[in-house]
Amino acid sequence: MKSFKKEKMKKTAIKLLIFLIPVLSYAQSGYDPILQSIEKNNTTLSALREQTEAQKVGNKTGIFLPNPEVMFNYLWSNPKTVGNRTDVSVTQSFDFPTAYGYKRDIADLQNSNAEYAYEWEKLKLLLSAKNKVIELIFYNAMINEYAVRRENAEKIANTYKSRLEKGDANILEVNKAQLNLTKIETEMTSLEAERIALISELKRMNGGNEIFVEQNEFIISPLPDNFDSWYSDTKIPMLNYMKGQIDIAEEQVKLARALSLPKFNIGYMSEKIIGEHFQGVTVGVSIPLWENKNSQKFAKARMKTTQVMLDDSKVQFYNNLQRLYLKASALEKNLDKFKQSISTSRNDTLLKIALDKGEISLLDYLLEIGHYYDAVIKILETERDYELAVAEFMAIELL
C-alpha cells in the first residue's frame with residue numbers, strides 16, 4: 001500500500017514538473033520565448049501576413065499584354081443579289097515592348113517593399129510586446145519587494161499590539177504601525193492590478209493563449225560599445241522600404257518614357273462575300289500625342305520627392321537612435337551609482353535592530369526606512385527605464 005502511494009506521489013510530482021516547465025523557461029530565458037510565441041499566435045500579424053500576400057498578387061496584375069480582341073461581322077446585302085458579307089478579325093494590341101520589362105521590375109520591387117512594410121509592422125508589434133514584458137517584470141519585482149515590506153510591517157504592527165497590551169507602548173504608536181501596514185497592503189493591491197492588466201494584454205497579443213512571466217528581476221541588456229559602428233552595420237526595414245520606393249520611382253520614370261512611345265496593333269482579318277474571299281494581316285500604330293502628356297514629368301517629380309523623404313528619414317532615424325543610445329548610456333551610469341550606493345549603505349537591518357532595542361522611535365524608524373525603500377524603488381525604476389530604452393534602441397534585433 002505504501003509503495004503504491006509513493007508511486008502515485010512520484011507520478012504527481014512528474015506531472016507538476018512538466019506543467020511548470022513552460023513557466024520556468026519563460027522565467028529563465030528572457031524575452032525570446034515570449035516574443036516567439038506572440039509572433040506565432042498574434043492575430044494582427046496573421047491578418048497583416050495575408051494582406052501582404054494579397055498585395056503581392058495585386059502587384060503582379062496589369063503587367064501583361066491586354067486581352068486579344070476577336071470581332072465577327074455578318075452583313076446583309078441590299079440588293080440581295082449581291083450576297084451577304086462575313087468579316088472575321090483577331091487583333092492584339094501592345095505597348096512598346098520595353099514597357100513590359102519595366103512593369104515586371106516595378107512589380108518585383110513592390111513585392112519586396114511589401115515584405116519590408118510587413119517586417120516594419122511586425123517589429124512595432126514585437127517591440128510593444130517586449131515593452132509590456134519589461135513592465136511586467138518591473139511589477140513582479142515591485143510586488144516581491146512590497147511582500148518583504150509587508151512581512152516586516154506585520155511584525156512591527158503585531159509587536160506594538162503586544163507591547164500595548166503589556167503597557168509598553170501607546171495607542172498612537174500602534175496606529176502608526178497599523179497605518180504603515182495598511183499603506184503597504186494598498187500599494188500591493190494597486191501593483192497587482194497593474195500586473196493583471198499587463199498579463200491580460202499579453203494574453204490578447206498571444207492570440208488568447210496564456211503567458212506566464214515569473215521573472216522578478218532584470219537581466220541587464222548590454223549596449224554596443226560604439227554607436228556609429230553599430231549603426232553602419234544595421235539594416236532598418238523602414239529605410240530599406242524608402243530605398244525600395246526610390247527604385248520603384250526610377251523604374252516608373254523609365255516606364256512613363258516607354259509608354260510615351262507608339263503602341264502597336266497586329267492581327268488577322270478575313271472578309272467573305274459570294275464568290276470572293278479576302279484575308280490577311282492587319283497592323284496599326286497609335287501616335288503618342290496627348291494621352292501621356294506630363295507623365296514623365298510627374299514620374300520624375302515623384303522620384304525626387306521620394307529621395308528627399310529618404311534623406312529626411314535617414315537623418316530622423318539616426319538622431320532618434322543616437323538619442324536612445326545616449327539615454328540608455330546615462331541610465332546605465334545612474335544604475336551603477338545607485339547600486340553601489342545602496343550596497344555600501346544598507347541600513348534596513350540596522351534600523352530594525354535599533355527599533356527593537358528601543359534606540360529609535362517608531363516614527364524615526366518609518367522615516368529612515370522610507371529613504372531606503374525609496375532608493376530600492378529608484379533602482380527598479382531605473383532598471384526598467386534602461387531596459388525600455390535599450391529595447392527601443394535595439395528593436396531591429398527582434399526581426
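1. In this predicted model, a natural place to start is glycine 167, which adopts a positive phi of about 80 degrees just after helix 4. The helix that precedes this glycine, helix 4, covers residues 98–166 and contains 69 residues. From its first C-alpha to its last, helix 4 reaches 102 Å, close to the 102 Å expected at 1.5 Å a residue.

2. Helix 4 also matters for reading the interior of the model. The largest nonpolar core has 77 residues, and those with the most contacts inside it are Ile38, Tyr160, Trp230, Tyr231, Leu321 and Phe393. The elements that give two or more residues to this core include helix 2 (32–41), helix 5 (171–205), helix 8 and helix 10 (362–393), while the largest share, 21 residues, comes from helix 4.

3. Isoleucine 38 can be followed in more detail. Leaving aside residues up to four places away in sequence, isoleucine 38 touches Leu125, Leu126, Ala129, Leu202, Met205, Asn206 and Ile211. Apart from the core described above, there is a second, separate core of five residues, among them Ala99, Ile106, Ile248 and Ala258.

4. Is tryptophan 290 buried or exposed? With a relative accessibility of 70%, tryptophan 290 counts as exposed, because that value lies over the 50% cut-off. Tryptophan 290 is placed in the loop between strand 4 (276–286) and helix 8 (295–344). Measuring from C-alpha to C-alpha, tryptophan 290 and asparagine 140 are 70 Å apart in space, and the two residues are 150 residues apart in sequence.

Conventions:
Residues are numbered from 1 along each chain as its sequence is written. This is a predicted model: local features need pLDDT of at least 70, side-chain atom pairs count only at pLDDT 80 or more; totals for chains, interfaces and linings use all residues. Side-chain values use heavy atoms; hydrogens and water are left out. Helices (H or I, at least four residues) and strands (E, at least two) are DSSP runs, numbered from the N terminus. Buried means under 20% relative accessible area, exposed over 50%, partly exposed in between (1.4 Å probe, protein chains only). The expected span of a helix is 1.5 Å times one less than its number of residues. A nonpolar core is a set of buried Ala, Val, Leu, Ile, Met, Phe, Trp, Tyr and Cys residues joined through side-chain atoms within 4.5 Å. Contact means heavy atoms within 4.5 Å.
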